[in-house]
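Q: Could you take a close look at the aromatic rings of this structure, and then at the buried side chains in its loops? I am in my first year, so please go through the reasoning step by step.

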Amino acid sequence: MLATNHEIDVPRALISSLEDARRRTDALFDIVRPDSLYERPIRERHRIIFYIGHLEAFDRNLLRGRSLSLPDTSAQLDRLFAFGIDPVGGGLPTDQPSDWPKVEQVRQYVRRVREELDERLQKLAQGTGGSDGEFSPALLLNVAIEHRLMHAETLAYMLHRLPYERKIAPADIPRISAGARASGMIEIPSGAVALGLSRSDNAFGWDNEYERHAVEVPGFAIERYKTTNAEYLGFLNEGGYANQKLWSDADWVWKESSGISHPAFWEKQDHGAPWFWKGMFSAIPLPLDWPVYVSHAEASAYARWAGKSLPNEAQWQRAVYGAQDGQSRKYPWGAQSPDASRGNFDFAHWDPVSVAAHPAGASVFGPEDILGNGWEWTSTVFAPFRGFETFSFYPGYSADFFDGKHFVIKGASSRTAACMLRPSFRNWFQAHYQYVYAGFRCVSNRLA
């Protein structure tokens, strides 16, 4: 973690990163038609209007008193927009559009909060204002920036569920054509891999990323590419959703009670017609070389059908960031900074691309499409590393989800910011959540 010395000035680069993150989330709200801002595209989540206010409320509530002295001008809205909803957290929300403030009132709140924060941050950057709390403004700004960028992704998959007529599509939506692809398994030799961050590194990370430790991983084989729509279609066509033996008891009950019979990103426009991909702005014939996006439950059933399994977190880390000498790489391809040749990440596309589109992003062992183009499910239940300590200013960020119901996902999607491509970053979702941009690749512990 960054030092908590409150005398540290705010680097201008962090202010620029906050401004860039704001532009990302502002642009997302701009694709929603004004008469649709009170819609709830995913029933477990808040209405869209909540998130317009939430991002500023989070920044204000995080920084006020802990690092910056801010006027108490909007306490009611600070509380109203403070907390989101986790889909595991009980019953579905029952609020009505009339329970929320008018759009202009929310936007006025956003403008006022930004003006107050920016005034104080600029003074700190110029060295003309002191920090007023126990925490470094730089530490808390990193938290605010990555929190907002995480929402830029979760908002994207939420807006993905919004009907097309309620969205305004950008003028230019780029596509990448398919690349040549030779599928198959790649053998990963046994060796050590490092998980997590060291506090002595003085680098920003979330509480669940600490403490760094080494894990010995026996040899195994992993698929070169993420499982594609074409491969998953074979599972579906062979009755995978109807074969109870392929599903855990809890997953089968969920699937049956919810009427789940195919991935949430697939649809048939007419009975008996071919499958279509439900893209962000239009439905297109199912791209067979794109990665399939499914829940952990569906990925696990497919892996059993294929006679394989999902990788655990250490296996995935070894295949992606490991090297022959047991050292960990900064990125799968080496030390070079991420760019568009390495993968589909950092808001490059609204939808996936071919799993073979970025061979330059392969890891040293050979797996491709490893960062970006969809997170990857692991079999590891989300839990703390030894030495875990909560952030005192955000105690529930990780600890509230150490409940045995969430699984670690690694990698990134097309809507994941580049700053979160670090090896230690961990994401997590519950097993039955279908909406996240997450796919998978299988492993086998039986080497040839």
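A: What follows looks at ring pairs, then at charges over rings, and then at three side chains in loops.

The model is predicted, and a search of the whole of it finds 44 aromatic pairs. One of them joins Trp206 and Tyr397, whose ring centres are 4.2 Å apart and whose planes meet at 25°, so this pair is stacked; the reason is that planes under 30 degrees apart count as stacked. Trp206 belongs to the loop between β2 (191-195) and β3 (213-217), while Tyr397 belongs to helix α10 (residues 396-399), so the pair ties together parts that lie 191 residues apart in sequence. Both Trp206 and Tyr397 are buried.

A second pair has another geometry: the ring centres of Phe401 and Trp428 are 5.7 Å apart and their planes are at 50°, so the pair is tilted. This pair, too, links distant parts of the chain, with Phe401 in the loop between α10 and β9 (406-410) and Trp428 in strand β10 (residues 427-430), 27 residues apart. Buried means under 20% relative accessible area, and by that cut-off Phe401 is buried because its value is 18%, while Trp428 counts as buried because its relative accessibility is 9%. The four residues named so far, Trp206, Tyr397, Phe401 and Trp428, belong to a cluster linked by ring pairs, which also includes Phe58, Phe204, Phe382, Phe388, Phe391, Phe393, Tyr394 and Phe402.

Rings can also have a charged side chain over them. Arg161 lies over the face of Phe265, 5.3 Å from the ring centre, and Lys255 lies over the face of Trp247, at 5.7 Å from the ring centre.

Turning to the loops, Trp333 is placed between α9 (313-321) and β8 (375-381), and Trp333 counts as buried because its relative accessibility is 9%. A polar atom of the Trp333 side chain lies 2.8 Å from the backbone oxygen of Gln336. If neighbours within four places in sequence are left aside, the residues in contact with Trp333 are Pro338, Arg342, Phe345, Ala360, Gly361, Ala362 and Leu371. As for Met150, which is 183 residues from Trp333 along the chain, the C-alpha atoms of the two are separated by 24 Å.

The loop between β9 and β10 holds Ser413 and also Arg415. Ser413 counts as buried because its relative accessibility is 0%, and its side chain reaches the backbone nitrogen of Arg415 at 3.0 Å. Beyond its neighbours within four places in sequence, Ser413 is in contact with several residues, among them Glu153, Asn344, Phe345, Asp346, Trp375 and Tyr437.

Arg415 is buried yet has no salt bridge, and the nearest side chain of opposite charge, that of Glu153, is 7.9 Å away. A salt bridge needs a side-chain nitrogen of Lys or Arg within 4 Å of a carboxyl oxygen. The side chain of Arg415 does, however, reach the backbone oxygen of Phe347 at 3.4 Å. Not counting residues up to four places away in sequence, Arg415 touches Glu153, Ala156, Phe347, His349, Trp350 and Tyr437. Glu153 and Tyr437 therefore appear in the contacts of Ser413 as well as in those of Arg415, where contact means heavy atoms within 4.5 Å.

How values were computed
Residues are numbered from 1 along each chain as its sequence is written. This is a predicted model: local features need pLDDT of at least 70, side-chain atom pairs count only at pLDDT 80 or more; totals for chains, interfaces and linings use all residues. Side-chain values use heavy atoms; hydrogens and water are left out. Rings of Phe, Tyr and Trp (its six-membered ring) pair if their centres lie within 6.5 Å; planes under 30 degrees apart count as stacked, over 60 as edge-to-face and the rest as tilted. Helices (H or I, at least four residues) and strands (E, at least two) are DSSP runs, numbered from the N terminus. Buried means under 20% relative accessible area, exposed over 50%, partly exposed in between (1.4 Å probe, protein chains only). A charge sits over a ring if NZ of Lys or CZ of Arg is within 6 Å of the ring centre and within 35 degrees of the ring normal. Lys and Arg count as positive and Asp and Glu as negative; His and the chain ends are not counted. A polar contact is a pair of N or O atoms within 3.5 Å; within protein, one must be able to donate a hydrogen and the other to accept it, and residues adjacent in sequence count only if both atoms are side-chain atoms.
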